[in-house]
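Let's take a walk through this fold together, one piece at a time. Have the viewer open and follow along.

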Amino acid sequence: MPEIVHDAAASRYELLLDGEVAGFAEYRLSDDTIVFTHTEIREEFEGKGLGSRLVGGALDQVRETGRTVVPKCPFVARYIERHPEYRDLLAE
């Protein structure tokens, strides 16, 4: 079962499989906004929907912080476009 963890020191959310980092979504903070800059799933884990699990889990955690999101990463932008329940997180 994938686990999504926030590694604040590395400025990224990680997707762990059996404790191993299978992918990550990097960001930078700007005031109360998280700017997602890059999402990556390791090649051996691609094609299993893990990128979507990662981004959905990261956005759920962002929601809990009260921050807004700027999706500079095309994958995150497409995910929010396809999942309107996250559009309220978008920075104005």
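Start where strand 4 meets strand 5: these two run parallel and are paired over four bridges. One spot to click on is Thr 33, whose bridge partner in strand 5 is Thr 68. Keep in mind as you look around that this is a predicted model.

Now step across to the other neighbour of this pairing. Strand 3 and strand 4 run antiparallel, with eight bridges joining them. Gly 23 is a handy marker here, since its bridge partner in strand 4 is Ile 41. The hairpin that these two strands form has two residues between the strands, and there Asp 31 takes a positive phi near 55 degrees.

Zoom out and the whole sheet comes into view. It is an open sheet of five strands, ordered 1-2-3-4-5, and the pairing is mixed. Strand 1 (3-7) and strand 5 (68-71) are at the edges with a single partner strand each, so each has one side without a neighbour in the sheet. From one strand to the next, the twist averages 30 degrees. Over at the strand 1 end, the pairing with strand 2 is antiparallel and covers five bridges. Asp 7 finds its bridge partner in strand 2 at Arg 12. Helix 2 (residues 74-82) packs on the sheet, where it touches strand 4 (33-41) and strand 5. The direction of helix 2 makes about 120 degrees with that of strand 5.

Arg 12 deserves a second look, this time for its side chain. Its charged end sits over the ring of Phe 24, 4.4 Å from the ring centre. The side chain of Arg 12 also makes a polar contact, at 2.8 Å, with the side chain of Glu 14. Is Glu 14 buried or exposed? With a relative accessibility of 9%, Glu 14 counts as buried, because the cut-off for buried is under 20%. Glu 14 belongs to strand 2 (residues 12-17). Beyond four places in sequence, the residues that Glu 14 touches include Glu 3, Ile 4, Val 5 and Asp 7, along with Val 21, Gly 23, Phe 24 and Leu 54.

Next, the aromatics. How many aromatic pairs does a search of the whole structure find? It finds four. In one of them, Tyr 13 and Tyr 27 have ring centres 5.6 Å apart and planes at 45 degrees, so this pair is tilted. Tyr 13 lies in strand 2 and Tyr 27 in strand 3 (residues 20-30), so the pair ties together parts 14 residues apart in sequence. Both Tyr 13 and Tyr 27 are buried. The rings of Tyr 27 and Phe 36 have centres 6.3 Å apart and planes at 70 degrees, so that pair is edge-to-face. Phe 36 is buried too, as is Tyr 27. Put together, ring pairs link Tyr 13, Tyr 27 and Phe 36 into a cluster.

To finish, go back towards the start of the chain. Pro 2 is in the segment before strand 1. In sequence, Pro 2 and Leu 54 are 52 residues apart, yet in space the C-alpha to C-alpha distance is 8.5 Å. Setting aside neighbours within four places in sequence, Pro 2 contacts Leu 15, Leu 16 and Leu 17, as well as Leu 50 and Arg 53.

Key: Residues are numbered from 1 along each chain as its sequence is written. This is a predicted model: local features need pLDDT of at least 70, side-chain atom pairs count only at pLDDT 80 or more; totals for chains, interfaces and linings use all residues. Side-chain values use heavy atoms; hydrogens and water are left out. Buried means under 20% relative accessible area, exposed over 50%, partly exposed in between (1.4 Å probe, protein chains only). A polar contact is a pair of N or O atoms within 3.5 Å; within protein, one must be able to donate a hydrogen and the other to accept it, and residues adjacent in sequence count only if both atoms are side-chain atoms. Contact means heavy atoms within 4.5 Å. Two strands pair if DSSP finds at least two bridges between them. Axes are lines fitted to C-alpha atoms, for helices over the stretch in contact, and angles run from 0 to 180 degrees between N-to-C directions. Rings of Phe, Tyr and Trp (its six-membered ring) pair if their centres lie within 6.5 Å; planes under 30 degrees apart count as stacked, over 60 as edge-to-face and the rest as tilted. A charge sits over a ring if NZ of Lys or CZ of Arg is within 6 Å of the ring centre and within 35 degrees of the ring normal.
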